[in-house]
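Student: Could you take me through the salt bridges here, one pair at a time? I would like a close look at where the partners sit.

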Amino acid sequence: MKVLCIGDVIGRPGRDALRSFVGRLRAELGVGFVIANGENSSGGVGITVQSAEDMFGSGVDVITLGNHTWKHDKEIAPYLEKCGRLVRPLNFAPGTPGRGVCVVEVPGGGGVRVAVMNLIGRVFMEACASPFDAADAALAELLRTAPGVPVVVDMHAEASSEKRAMGHHLDGRVAAVFGTHTHVPTADEEVLPGGTGYLGDVGMTGPYDSVIGMVKEKIVHKFRSGRPMPYVVARGNVQLRGVVFEIDGRGKCVAVERVRRDVTGPVVSEDA
Ligand SMILES: [Fe+2]
Ligand SMILES: [Fe+2]
């Protein structure tokens, strides 16, 4: 089975890229299951019910999140409670709405299931519990409740070292670990020695003529002046970035391939 994992989807341009390419990638590459990080899907920061449902409508099976989970707290907290295909970082504080792991049937997969786990790092990020300990506890629980189901992990973190450490920590125990959050793709894909597929950061799905998805002039001004500037989603050079992990019947990854698709037509929608 091939699982396509898509990095942080940036606002309307990113959602439009999903609409253009997810169905085609399923057919072209034989992808059976699609995971996408949605923490930037509404206006470039945060997720709303509408942006989540837009992503599901484009063929995404599970949405993962990150440090921007609570931007639209009031509407997303109840949605996290009821939507079984939307996960937030597992190692958020105890009592946080929603879940950090979900087990979902592969569409048309004859009952085959995939477990998706979302973790968040602690290096240059907000304080939270250990993602390493949280992953261990959740894997022990999955062994009991969903034995034999392959686990794919979105490690949402700033530091490549912390993401790589997680890859090795989980090597041989999960099918794949992919990194999100930096919006900058890395080229370090591999199958780790224990059979876990790994990529340090998928990169964003959104406008690359930008600074991490936002209008570049505003971000340059912010850094030069030291004063805050509103984030505005950029429009140019929209790309989908993803990674495909091929997982065998034993839950081991046998191949990893980065995927890039460029949006060539004009971006029609003007809303964020
Ligand atoms: Fe993030
Ligand atoms: Fe992000």
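Tutor: Happily, here is a walk through some of the salt bridges. This is a predicted model, where local features need pLDDT of at least 70 and side-chain atom pairs count only at pLDDT 80 or more, while totals for chains, interfaces and linings use all residues. Residues are numbered from 1 along each chain as its sequence is written, chains are lettered from A and ligands numbered from 1 in the order in which they are written, and side-chain values use heavy atoms, leaving out hydrogens and water.

The structure holds 14 salt bridges (a side-chain nitrogen of Lys or Arg within 4 Å of a carboxyl oxygen of Asp or Glu). Let's begin with Arg19 and Asp54, whose side chains meet at 2.5 Å, N to O. Arg19 belongs to helix H1 (residues 11-29) and Asp54 to helix H2 (residues 49-57), so this pair ties together parts 35 residues apart in sequence. Helices (H or I, at least four residues) and strands (E, at least two) are DSSP runs, numbered from the N terminus. Asp54 is buried, at 13% relative accessibility, whereas Arg19 is partly exposed at 48%. Here buried means under 20% relative accessible area, exposed over 50%, and partly exposed in between, with a 1.4 Å probe and protein chains only.

Next, Glu28 and Arg261 form a salt bridge of 2.9 Å, N to O. This pair links distant parts of the chain, with Glu28 in helix H1 and Arg261 in strand E12 (residues 253-262), 233 residues apart. Arg261 is partly exposed, at 23%.

Finally, Asp262 pairs with Arg260, their closest N and O atoms being 2.8 Å apart. Salt bridges with shared partners also join Arg12, Arg15, Asp16, Arg19 and Asp54 into one network.
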